[in-house]
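Hi,

Here is the structure I promised to pass on to you. Have a look at it first, and my notes on what turned up follow below.

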Amino acid sequence: SLKELDLLFDILNIFKLSPNLEFTFECNINDLNEDLLRYLYLHKVNRLSIGIESFNQKKLQFMNRDHSFKNTKNIIKLARNMGFKNINLDLIYALPEEKLSDLKKDLKYFLKLKPEHLSTYSLIIEKNTLVGLNKIKPIEQDHDFKMYNYICKKLKKKGYIHYEISNYAKKGYESKHNLTYWHNLEYYGFGLSASGFVGSIRYENTKSLTEYLKGNYISSKALMSKVDNMENELILGFRMLKGVNLETFYQKYEENMQEVFPIKPLIKNKDLI
C-alpha cells in the first residue's frame, strides 16, 4: 500500500542520491495504477521493471497470471505520460508444450510496447514449487535453445544490445544494478532473503520475518579470499557478452588472469575468444 511505501521511502531518505541514479521499482503489471505511478515518480523512481512474463493465455493460466495486452498497453502509456523513460519488461519462455510459434507471437506483443530493456528467462522448474511438485517436465534443451536463438536474432534486428545472457537493452539503457552484479562489485542487500557483497564479505539475510524484526538480520556470511574473488570475477563476468577485461582484472587483483587461470590453451582451442 502507499502507506507502507511511505515507511520504506522514509528509510531510504538516509541515502544521498547521485544525479546518475538508477532507481528501479519491480512490480507485476496488475500492481500498477495511476496513483502508484504518480507516487513512484514523485519519489524519484526512474526505472520500472514489470513482470509481464507473457500475453499467451495458456501460458498465463499455467503461471497463475491474469492480464491482457490491452490493459498492459494502457498502463505503459500512463507510465510514459507520467514521465517514465526507462522501462524493463520480463518475458518467460520455454514453458512445457510451448511452441516456437507461441514465442514468436508473444515477443511480437512485447516489442509493440517499445521497452528500453527486456529480460528474458527460460523456465526453470524448482523442486519445491507447485510446478515441481506436480512433476511437470521441462521442454527439450534443443527446443529451448532454438527459442533462445530466435530471441537473440529478433531483438538484435530491433536494435537491442544483447549485453548479458538474459538481458537486452537499447543503447545507454543497460541495467546498472545488473552490471554491478556481473562486474563483481560491492552492493548492499536489505530486507528478507536479500544478499549483499561488502568488503569481501558475501552475506544472506534471514528468510524469517520474526528473526528480522528481532534485529537478527543476517543468516549467513562468508569472507571471500582473493582467489574466491578472482574466481567469481570469471564466473560472473562470463555472463556478459563482453566477457572479462584483462586490464580491469589486473587493476583489481594485481594478477595476470592468464597466469592465474589456464586460459591460454582454451583460447588456442577456440573454446574462449
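Let me start with one residue: Glu140 counts as exposed, because its relative accessibility is 61% and the cut-off for exposed is over 50%. Please keep in mind that this is a predicted model. Glu140 sits in the loop that runs between α6 (130-133) and α7 (141-157). From Glu140 to Asn256 the C-alpha to C-alpha distance is 40 Å, with the two residues 116 apart in sequence.

Now to the pockets, which I suspect you will want to open up yourself. The largest pocket has a volume of about 2,100 Å³. Its lining is made of 49 residues, and those nearest the centre are Phe23, Thr24, Tyr181, Tyr188 and Phe190. By class, the lining of the largest pocket holds 20 nonpolar, 17 polar and 12 charged residues. Elements that each supply at least two residues to this lining are α1 (2-12), β1 (24-28), β2 (47-53), β3 (87-93), β4 (117-122) and α8 (176-182). The largest share comes from α1, with 7 residues.

The second largest pocket encloses about 320 Å³ of space. It is lined by 18 residues, and Leu179, His183, Met240, Lys242 and Gly243 are the closest to its centre. Two or more lining residues come from each of β5 (161-164), α8, α10 (226-237) and α11 (246-253). The lining of the second largest pocket divides into 8 nonpolar, 6 polar and 4 charged residues.

Happy to talk it through whenever suits you.

Best wishes

Key:
Residues are numbered from 1 along each chain as its sequence is written. This is a predicted model: local features need pLDDT of at least 70, side-chain atom pairs count only at pLDDT 80 or more; totals for chains, interfaces and linings use all residues. Side-chain values use heavy atoms; hydrogens and water are left out. Helices (H or I, at least four residues) and strands (E, at least two) are DSSP runs, numbered from the N terminus. Buried means under 20% relative accessible area, exposed over 50%, partly exposed in between (1.4 Å probe, protein chains only). On a 1 Å grid over the protein atoms alone, a cavity is a set of points where a 1.4 Å probe fits but cannot get out, and a pocket is an open set with protein on both sides within 12 Å along at least five of seven lines; lining residues have an atom within 4 Å of a point. Grid points are joined across faces, edges and corners, and a volume is the space filled by probe spheres set on the points. Ala, Val, Leu, Ile, Met, Phe, Trp, Tyr, Cys and Pro count as nonpolar, Asp, Glu, Lys and Arg as charged, and the others, Gly among them, as polar.
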